[in-house]
Amino acid sequence: MSNFLLLAKQKGMAELVTTVCATGGGAFKFENEFRQQVNMKLAKFDELDTLIKGILFAEVQNPTECYFYENARDIMKSEKRAFDFSKPYPFILVNVGSGVSILAVYGPDNFKRVSGTSLGGGTFLGLCCLLTGCNSFEEAIQLATKGDNRKVDKLVRDIYGGDYDRFGLTGDLVASSFGQMHIKDKRSSVSREDLANATLVTITNNIGSIARMCALNEKMDKVVFVGNFLRVNPISMKLLAYAMEFWSNGTLKALFLEHEGYFGALGCLLQFNGEIAAALNETAETTTTSSPSSSSSSQSKAEPTNTSQAAETVSNAMNSTTTTPTSNNVNNSDS
Ligand SMILES: Nc1ncnc2c1ncn2[C@@H]1O[C@H](COP(=O)(O)OP(=O)(O)O)[C@@H](O)[C@H]1O
Ligand SMILES: CC(C)(COP(=O)(O)O)[C@@H](O)C(=O)NCCC(=O)O
């Protein structure tokens, strides 16, 4: 946030815009700093409302936004395929940010937060930094890509010598995450890569397990995973796809979205422009003499004048970035 405020000061943003759309905890936490340091007002929107609005908008604009993994049961062979998400409801939405929020979505304005866990993307990054000495999410993922969790975790076969057939637990399932690390020799033989991989697998499996229970409780068969934790992170997406398929005997489908961490920001912008458009329509209906564009200038110096114009702008921006962002830039965080 301090970087954004510095940039806003250096570039004189306050002279161009008076209002910045914001969502997530940061919209509340940094409101005073925005006002005091750069004289900008925040238009704040709830992170879960904007998340859903952003997803629904992106799905309509981009026919290949949504995908799943074909052959999910074979992680080495599973492959990304487009999924038709044009009839989305109902679905479970799992937002893996710093922490995890799980929602049951019944319609565009009809959802409830059914669960959550504090073991999320922030936990992966924090533990990984502690265990491996890495300094960024990208580094953590790179390490994890080269590591092997089986040297760190205790598998069913380490306990049973093979499968635990009676309950369908195959020998290669993780029985206990980090379950070998109490043994000194094992500890000294694991690499940073193995530790990063085991951390990623631990956090991902836990999220998958809670998401599956939510889907069962809500009697829903589509589970959509979003959030920046999934950015440049096919290991977790393939694992989640495997977990949904395996534990549900093929009845649950894990779905993913190309713009995984951007929906809050997108929904925020749409909601802001929707409010302006509504206000403008009201003004146009009641005041036939004054021009709508003049009334908008009292709110912001640089606001689009109607919803479709705003939607077009957002849509153009999306069309130019339809691939998953892979840059090592600062976090694309909503907060
Ligand atoms: N460049 C990055 N820097 C920091 N964290 C990142 C980055 N890219 C992905 N992440 C992951 O995304 C998580 C934050 O997800 P995000 O959807 O932005 O949620 P939040 O709104 O809580 O910031 C981090 O905890 C981390 O696991
Ligand atoms: C508080 C939050 C909604 C904030 O969202 P985030 O910035 O992590 O995306 C989220 O971190 C969360 O739901 N945490 C889990 C809390 C719990 O249910 O235990």
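A polar contact here is a pair of N or O atoms within 3.5 Å. Keep that cut-off at hand as you work through this predicted model.

**Exercise 1. Find the polar contacts of ligand 2 with Ser 98, Gly 99 and Ser 101.**

Solution.
- Step 1: Start with Gly 99, where a polar backbone atom is 2.9 Å from an oxygen atom of ligand 2. That pair passes, because the limit is 3.5 Å.
- Step 2: Move to Ser 98, whose polar backbone atom is 3.3 Å from an oxygen of the ligand.
- Step 3: For Ser 101, look at the side chain instead: one of its polar atoms lies 2.9 Å from an oxygen atom of ligand 2.
- Step 4: Now turn to the surface. Ligand 2 taken alone exposes 470 Å², and the protein buries 60% of that.

**Exercise 2. Describe the shell around ligand 2.**

Solution.
- Step 1: List some members; among them are Glu 47, Asn 95, Arg 113 and Thr 117.
- Step 2: Sort the shell by residue type, which gives one nonpolar, eight polar and two charged residues.
- Step 3: Look for elements that give two or more residues, and you find β6 (100-107) and β7 (110-117). The most comes from β7, with three residues.

**Exercise 3. Decide where to read the model with care.**

Solution.
- Step 1: Begin with the whole chain: its mean pLDDT is 86, and 83% of its residues reach 70 or more. The model's scores are ipTM 0.99 and pTM 0.86.
- Step 2: Then find the weak stretches. Residues 288-311 stay under 50 in pLDDT, with 34 contacts beyond four places in sequence.
- Step 3: Residues 313-335 are also below 50, and this stretch has 46 contacts beyond near neighbours in sequence.

Methods
Residues are numbered from 1 along each chain as its sequence is written. Chains are lettered from A and ligands numbered from 1 in the order in which they are written. This is a predicted model: local features need pLDDT of at least 70, side-chain atom pairs count only at pLDDT 80 or more; totals for chains, interfaces and linings use all residues. Side-chain values use heavy atoms; hydrogens and water are left out. A residue is near a molecule or strand if one of its heavy atoms lies within 4 Å of it. A polar contact is a pair of N or O atoms within 3.5 Å; within protein, one must be able to donate a hydrogen and the other to accept it, and residues adjacent in sequence count only if both atoms are side-chain atoms. Accessible areas come from the Shrake-Rupley method with a 1.4 Å probe; for residues, only the protein chains shown count as cover. Helices (H or I, at least four residues) and strands (E, at least two) are DSSP runs, numbered from the N terminus. Ala, Val, Leu, Ile, Met, Phe, Trp, Tyr, Cys and Pro count as nonpolar, Asp, Glu, Lys and Arg as charged, and the others, Gly among them, as polar. pLDDT is the predictor's confidence in each residue, from 0 to 100. Contact means heavy atoms within 4.5 Å.
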